[in-house]
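Got the viewer open? Let's walk through this one stop by stop, selecting as we go.

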Number of protein chains: 2
Amino acid sequence: MATATVLKKGRKFDQVLEGARTVFMRDGFEGASVDDITREAGVSKATLYSYFPDKRLLFLEVARAECARQADAAIQTIDMTAAPREALTAAARRITSFITSDFGQRVYRICVAECDRFPDVGRAFYQSGPLVVRQRLADYLTAATARGQLAVDDIPLAADQFAELCKANLQARTLFGATPCAPAEVERTIVGAVDMFLARYAV
Amino acid sequence: MATATVLKKGRKFDQVLEGARTVFMRDGFEGASVDDITREAGVSKATLYSYFPDKRLLFLEVARAECARQADAAIQTIDMTAAPREALTAAARRITSFITSDFGQRVYRICVAECDRFPDVGRAFYQSGPLVVRQRLADYLTAATARGQLAVDDIPLAADQFAELCKANLQARTLFGATPCAPAEVERTIVGAVDMFLARYAV
DNA sequence: CCGCCGCTGAACTGAACGGTCTATGTTTAG
DNA sequence: CTAAACATAGACCGTTCAGTTCAGCGGCGG
């Protein structure tokens, strides 16, 4: 990759990136100081600045890597041939577990906070997260509809609706720290999402 | 109110709060400088610090006021006696218009970003926003179910589901600035939400 | 007319932070 | 073995910013 070649110059490159990841994820962009990052990475400031021209670019690189990681996690495909209830339940479980995970929450929080300052980060997150999920779901819905297992007229809308149903209450709760989400509640949300979706789109 | 009495001392109090509101909403907590706020409020720094011991407390006060304002807006009640389709459509229109509004988006963004540093802000937002909507919806669903117009078993879940369906794609899109949301799309989301909800819970 | 009180505006402090510079290893080529 | 080239640590610099201080101003009650 051209950009990576431009950046990567020494053996401590990954160390810097890893330290930056830790600190940025913990403290956000403004909250993280470059000194913290060097300490965390076990690297000197000059070393850091030899790899990245400034803090902003370092953050963008970390964000890009996180988005890619998220895309990888999301791409674990839905079983395209499974019956609707099974396929949707499995998908819902994946989505809810990401949303309630510490990692998912931190990424979301930072992207929401910083995509004002860094529009690229917001777009990258959206495209490598929600959009991937939406596309996967849409693919499945298309296949299932073709097979006559579902009757979906507006596929993109249905995909969005299902993804959103999986979040019901869970995302807000974890994000604003009102009360922790019990596993039973997650399960209830999943079943509720699948039931509602099938009530609307089953043949 | 006891706390207000402790704080309020002079005629420029509201001026300070208003200026702080403007700047915090525009720039967030870290992004806002106290000097900016005094300039915006047309007030000296000493005056500001005579009302609020520090920036953090000032922010909390602004956030509390914003949450209250949001609660007021949300409280405009659903017509409890209307038929499901009309009542739900009206509710959906209120919810979507708040979500896609500049104001709603800013409040949400700031709360998500800062509720790590200020857990109180997160909780206040949740309780005076999503929770109020949820309660209103639950009240309506209870009434409509009693009237035999709907058949909802798990009322809190159904309320969350409906609120969430209204966000489908709209919130993520506006938040991450991928592409603006056309009014037609909002309408499509509203109709989709109501259709799906009724498919699941109509008698 | 006096004294009080809220307010002003500007100067100041101390700390934090992004970014740079220099002195000191460390590696590699000849 | 030596010297050039590069990597590194961390002191250092300039700036920004929260919060303080203080001398003075204007209006209002007594």
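Start with the contact between the two protein chains, and count the charged links there: the total between chain A and chain B is 2 salt bridges. Keep in mind throughout that this is a predicted model.

**Stop 1: a salt bridge across the chains**

Select Arg188(B) and Asp154(A) and show their side chains. They meet in a salt bridge, with 2.5 Å from N to O. Side chains of opposite charge can pair when their charged atoms come close. If you switch on polar contacts across the interface of chain A and chain B, the rule picks out 11 residue pairs, both partners at pLDDT 80 or more.

**Stop 2: the helices that touch chain B**

Which helices of chain A should you colour to see the side that touches chain B? Go for α2 (13–31), α7 (102–114), α8 (119–128), α10 (155–167), α11 (170–176) and α12 (183–201), since each of them supplies at least two residues of that side. Give α12(A) the brightest colour: the largest share of the side, 10 residues, comes from there. Now recolour this side of chain A by residue class, and you'll get 20 nonpolar, 6 polar and 14 charged residues.

**Stop 3: the whole interface**

Zoom out and select everything in contact: 40 residues of chain A against 39 residues of chain B. The area buried between the two chains is about 3,500 Å², and carbon and sulfur atoms give 65% of that. Three residues to show as sticks are Tyr126(A), Phe176(A) and Met196(A), which supply 21% of the area that chain A buries against chain B, more than any other three residues.

**Stop 4: the rotation axis**

Try superposing the chains. Chain A can be laid on chain B with an RMSD of 0.2 Å, using a turn of 179° and a shift of 0.0 Å along the axis. That is the relation of a two-fold axis. To find the axis on screen, select Ala113(A): of the residues of chain A, its C-alpha comes closest, at 2.4 Å. And 98% of the interface residues of chain A are also interface residues in chain B, so the copies meet through the same surface.

**Stop 5: DNA strand C**

Next, select DNA strand C and what surrounds it. You should pick up 17 residues, and the closest are Lys45(A), Lys55(A), Lys12(B), Thr47(B) and Tyr51(B). Sugar and phosphate account for 60% of the strand's atoms that come within 4 Å of the protein.

Three phosphate contacts are worth a click:

- Tyr49(A): a polar side-chain atom lies 2.9 Å from a phosphate oxygen of DNA strand C.
- Ser44(B): a backbone N or O atom is 3.1 Å from a phosphate oxygen of the strand.
- Ala32(A): a polar backbone atom sits 3.3 Å from a phosphate oxygen of the strand.

Colour α4 (45–51) in both chain A and chain B, as each copy supplies at least two residues of the surface near DNA strand C. By class, that surface has 7 nonpolar, 5 polar and 5 charged residues.

**Stop 6: chain A by itself**

Hide the rest and show chain A as a cartoon. How many helices and strands are there in chain A? You'll see 12 helices and 0 strands. The C-alpha atoms fill a box of roughly 65 × 40 × 25 Å along the principal axes.

Last click: Arg69(A) and Glu66(A), whose side chains meet in a salt bridge at 3.7 Å, N to O. Being 3 residues apart in helix α5 (residues 55–75) of chain A, the two are separated by about one helical turn. Searching the whole structure over all chains turns up 34 salt bridges.

Notes. Residues are numbered from 1 along each chain as its sequence is written. Chains are lettered from A and ligands numbered from 1 in the order in which they are written. This is a predicted model: local features need pLDDT of at least 70, side-chain atom pairs count only at pLDDT 80 or more; totals for chains, interfaces and linings use all residues. Side-chain values use heavy atoms; hydrogens and water are left out. Contact means heavy atoms within 4.5 Å. Buried area is the accessible area (1.4 Å probe) that two parts lose on being put together, summed over both. A salt bridge is a side-chain nitrogen of Lys or Arg within 4 Å of a carboxyl oxygen of Asp or Glu. A polar contact is a pair of N or O atoms within 3.5 Å; within protein, one must be able to donate a hydrogen and the other to accept it, and residues adjacent in sequence count only if both atoms are side-chain atoms. Helices (H or I, at least four residues) and strands (E, at least two) are DSSP runs, numbered from the N terminus. Ala, Val, Leu, Ile, Met, Phe, Trp, Tyr, Cys and Pro count as nonpolar, Asp, Glu, Lys and Arg as charged, and the others, Gly among them, as polar. Copies are superposed by least squares on the C-alpha atoms of residues with pLDDT of at least 70 in both. A residue is near a molecule or strand if one of its heavy atoms lies within 4 Å of it.
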